[in-house]
Amino acid sequence: MLYDDIGKQPVLEQIVAHFYQLVYADSVLCPLFPADRTRVERAQVIFLTQLTGGPRHYDTHDSRMNLAMIHRLLPIERHHAFRWIELMEIAIYETLSNQVVAERLLERLRIGAMNVLRICEAHREP
Ligand code: HEM
């Protein structure tokens, strides 16, 4: 299971902490994010736990755990999506020593980010 290969919750927490450190210092992404960084970080750890096959903390029907529900109203454009992926690549490669595991996780997140972009673009169409 990807969750175990990554190193379970403690390593996911490290990745997420590193990622949001970069996000909140980034001029492209920071303006999109709320002041309450702790809430976003906690939700992201839970989301990634489920995405990688770890224990479920929430019912999957909980709208907070649905990428479309979370992002559809946000003004996310291509440059935001590419920056999000870029910072996630840095956070993951600097945390995980196993490149194969890192790529497996990144592959899913790139797909997720492209889905988020598609959802936001579709929502903005007249
Ligand atoms: C296209 C790239 C992405 C951008 C620009 C982006 C941006 C954002 C922003 C601005 C928020 C804060 C929303 C708020 O005001 O509460 C957020 C929350 C969140 N995002 Fe993304 N996101 C992206 C992709 C993803 C992907 C791929 C995932 C999952 C793998 C994800 C998971 C989450 C989670 C779990 C939250 C927290 C929701 C909560 O507070 O309950 N995002 N994202």
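This passage describes the overall fold, the ligand shell, one helix, the nonpolar core and two single residues of a predicted model.

The secondary structure of the protein consists of 6 helices and 0 strands. Along the sequence, the pattern is α-α-α-α-α-α. A compact globule of 126 residues would have a radius of gyration near 14 Å, and because the protein has 14 Å, the two values agree. Taken along the principal axes, the box filled by the C-alpha atoms is roughly 45 × 30 × 25 Å. Of the 126 residues, 17% count as buried. Among contacts in the protein with a separation of 6 or more, 70% join residues 24 or more positions apart.

The ligand is surrounded by 23 residues, of which the closest are Ala43, Phe47, Ala81, Trp84 and Gly112. At least two residues of this shell come from each of the helices α3 (37–51), α4 (67–71), α5 (78–95) and α6 (99–124). Helix α3 gives the most, with 6 residues. By residue type, the shell around the ligand divides into 17 nonpolar, 4 polar and 2 charged residues.

Helix α3 was then examined by itself. It has 15 residues, and the distance from its first C-alpha to its last is 21 Å, close to the 21 Å expected at 1.5 Å a residue. Within α3, the residues Ile46, Phe47, Leu48 and Thr49 are buried. One of these, Phe47, is also among the residues closest to the ligand. The buried residues of α3 pack against two other helices, α1 (2–6) and α2 (8–23). Just after α3, glycine 53 takes a positive phi of about 95°.

The largest nonpolar core of the protein has 20 residues, and those with the most contacts inside it are Phe19 and Leu87. Helices α2, α3, α5 and α6 each supply at least two residues of this core. In soluble globular proteins, nonpolar side chains tend to be buried together. With neighbours within four places in sequence left aside, leucine 87 is in contact with Phe19, Leu22, Val23 and Asp26. Phe19 thus appears both as a contact of leucine 87 and, with Leu87, as one of the residues with the most contacts inside the core.

Two single residues were also considered, beginning with valine 40, which lies in helix α3. Valine 40 has 17 other C-beta atoms within 10 Å; a buried residue needs 20 or more and an exposed one has 12 or fewer, so valine 40 is partly exposed. Apart from neighbours within four places in sequence, valine 40 is in contact with Tyr20, Phe33 and Pro34. The C-alpha atoms of valine 40 and valine 16 are separated by 9.6 Å, and these residues are 24 positions apart along the chain.

The second residue, proline 10, has its place in helix α2. Proline 10 is exposed because 8 other C-beta atoms lie within 10 Å, and the limit for an exposed residue is 12 or fewer. Proline 10 and glutamate 103 are 93 residues apart along the chain, and their C-alpha atoms are separated by 19 Å.

Conventions
Residues numbered from 1 in each chain as written. Predicted model: local features only at pLDDT ≥ 70, side-chain atom pairs only at ≥ 80, totals over all residues. Near = placed C-beta within 6 Å. Helix = DSSP H or I, 4+ residues; strand = E, 2+ residues; numbered from the N terminus. Nonpolar A, V, L, I, M, F, W, Y, C, P; charged D, E, K, R; others polar. Expected span 1.5 Å × (residues − 1). Contact = placed C-beta atoms within 7 Å. Core = buried A, V, L, I, M, F, W, Y, C linked by C-beta atoms within 7 Å. Rg over C-alpha atoms; globule rule 2.2 N^0.38 Å.
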